[in-house]
Amino acid sequence: MADINLYIQILSQIPLFAGLKEKQLKNLANNLTVREYEEEELIITQGKGGQGLFALVEGSANALRTQPDGDQVKVNEFGPKDFFGELALLDDGLRTASVIATSKVKCLVLTRWDFQGILKNEPEMAIDMLVELAKRFRRALETL
């Protein structure tokens, strides 16, 4: 049970899930898969299809984007309770960057098909998430 509480805590820090109720977060947490990666192992690959969201429980990783000229640029660093890949929950677009483990990594994975199955059974969750997406979109527009 301690793991589920940690998973709920991590999920509640992900902006997409910020407005969800405890019951909804628990439902998501019960559908998480634990994956482990060794240092320098590729977690996701730029240009490949995305399977879902990753949240780090332990370890660290870097997001690298390969530019058209072939140069790789570090675009983000991740540590415990950080997350990436959340757009893959919403569409089947390609990954915009690669993420590589910079130490041994333990992460939680929520796949798109599990996530969409939950949404079909809990339409209220979709409404709560749409509200959060609208807020984020408005904030993004304000910075333009």
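Start by selecting alanine 55 in this predicted model, and then add phenylalanine 83, the residue of S6 that serves as the bridge partner of alanine 55. Widening the selection to strand S3, residues 52–58, shows the setting of that pair, since S3 and S6 run antiparallel and are joined by 2 bridges.

Next, colour S1, S8, S3 and S6, which in that order make up an open sheet of 4 strands with antiparallel pairing. At the edges of this sheet stand S1 and S6, and because each has a single partner strand, one side of each is left without a neighbour in the sheet. Now bring up helix H3, residues 112–121, which packs on the sheet and touches both S3 and strand S8 (105–111); the direction of H3 makes about 45° with that of S8.

From the sheet, move on to two loop residues whose backbone deserves a look, bearing in mind that most residues other than glycine have a negative phi.

Select lysine 81 in the loop that runs between strand S5 (72–78) and strand S6 (83–84). The phi of lysine 81 is near 75°, a positive value in a residue other than glycine, and with a relative accessibility of 30% lysine 81 counts as partly exposed.

Finally, go to glutamate 40, which is found in the loop between strand S1 (33–37) and strand S2 (42–44). Here too phi is positive in a residue other than glycine, with a value near 75° for glutamate 40. Is glutamate 40 buried or exposed? Its relative accessible area is 63%, and glutamate 40 is therefore exposed, the cut-off for that term being over 50%.

Key:
Residues numbered from 1 in each chain as written. Predicted model: local features only at pLDDT ≥ 70, side-chain atom pairs only at ≥ 80, totals over all residues. Heavy atoms only, no water. Buried < 20%, exposed > 50% of the residue type's maximum accessible area, 1.4 Å probe, protein only. Pairing = 2+ DSSP bridges. Contact = heavy atoms within 4.5 Å. Axes fitted to C-alpha atoms, helices over the stretch in contact; angles between N-to-C directions.
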